[in-house]
Amino acid sequence: MKNDMWKKKRPGVAVLYTTLFLLFVSFLTLSASASETTVSISDTFLKPDETAVTSIMIKNVSYLGAADISLAFDPSVVHLVSVANSDFDLFDAVIDNSTGSVKAVGADFGDGLYGDVKFADVTLKAVGNHGEISALNISINVLKEAGPDETTIPAAVDNGTAFINLPPVAIAFSAHRYNNVGSSYPCQTIFNASASYDPDGDAITNYTWDFGDGYSGEGPMIEHAYSNCKWNGTGYEPFNVSLTVKDDGGLANTAIIQVNVYIAGDATGDGRVNILDAVIVGREWGEKCTCGNFCWEGQDRADRGDLNNDCIVNILDAAIIGANWGDVAW
Ligand SMILES: [Ca+2]
Ligand SMILES: [Ca+2]
Ligand SMILES: [Ca+2]
């Protein structure tokens, strides 16, 4: 009897929860669509005495009619060469490189601007020394809709920075692009970031790796063992490995590479350990890495056949196939 009463009540509870859930989903949808207008200037990187262009954007507007925006900068670090190329029909800017400010106004002819609007391209020249920075601070004096009502558009500000410094360039290699499963066999992945560089000669002070499996590490050369592979039902998915390098001025750059982690003994990458894998090891028997640093660059099949990642295809790789004969990834 108790059971019957409980059963009768359950549909009402289910309807209540469904309604609450739908309300929550529609709230999320509304919040996502009601994103705000933002006036922003992106970071810019210059060498001493050279110029670079960045842009002031007014993002996510509708019926924008006029804008009056100021930009403040450190005139001992950068000067402004020009402020131009606006999406507005009428545009004018007054640059003052002695105080470090520019005041610019744009006006639309009446039909309004929509979406992401370019207020202006700003051309900067570095007048300071390598390593110096200048804030690029925006203030909004007027931002209003087209038409006679003078309706103000509320907006957030996203300031930028001018760096007299170029960011480093991250370059990542995985010595072995295949196999890489390291839980039960000596099959470490070796990652190498030593080709990364800084275009203006700064020291690279940080090499940070994210191996894509929840683990991370530091250093220009690093080993990592994956403890499992990602089988999606029809094939392996590679791990995305990211390398972030920083120069001694704190500027960063990130590169992403993919590594293929297979079950032990699977040279072909089909998810099974069988005769086809033995064939690869047989055909590549005796092959060694030729490009140094445990690197199989340009030797794709030998890389596959080197199941324990020791840079030679030999009896140890054949033994891994033997020990895992018949295994599957699913
Ligand atoms: Ca640099
Ligand atoms: Ca296979
Ligand atoms: Ca080997």
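Residues here count as buried under 20% relative accessible area, exposed over 50% and partly exposed in between (1.4 Å probe, protein chains only). This is a predicted model, in which local features need pLDDT of at least 70 and side-chain atom pairs count only at pLDDT 80 or more. Residues are numbered from 1 along each chain as its sequence is written. Welcome to two calcium sites and a surface patch.

**Calcium ion (ligand 1)**
- Its protein donors, meaning N, O and S atoms within 3.2 Å for Ca, are Asn165, Leu166, Asp198 (twice), Asp200, Asp202 and Asp247, at 2.3 to 2.6 Å.
- Along the chain, these donors follow the spacing N-L-x31-D-x1-D-x1-D-x44-D.
- Leucine 166, in the loop between β10 (160-163) and β11 (173-174), and aspartate 200, in the loop between β12 (189-192) and β13 (204-210), are 34 residues apart; strands are DSSP runs (E, at least two residues) numbered from the N terminus.
- Leucine 166 counts as buried because its relative accessibility is 17%, while aspartate 200, at 22%, is partly exposed.

**Calcium ion (ligand 2)**
- Asp266, Thr268, Asp270, Arg272 and Asp277 (twice) supply the protein donors, lying 2.3 to 2.6 Å from the ion.
- The donor spacing reads D-x1-T-x1-D-x1-R-x4-D.
- Aspartate 277 is buried, with a relative accessible area of 0%, whereas arginine 272 is partly exposed at 40%.

**Around valine 279**
- Valine 279 is found in helix α2 (residues 275-283); helices are DSSP runs (H or I, at least four residues).
- Valine 279 counts as partly exposed because its relative accessibility is 41%.

Note on methods:
Chains lettered and ligands numbered in written order. Heavy atoms only, no water. Donors = N, O, S within 2.8 Å, 3.2 Å for Na, K, Ca; no water.
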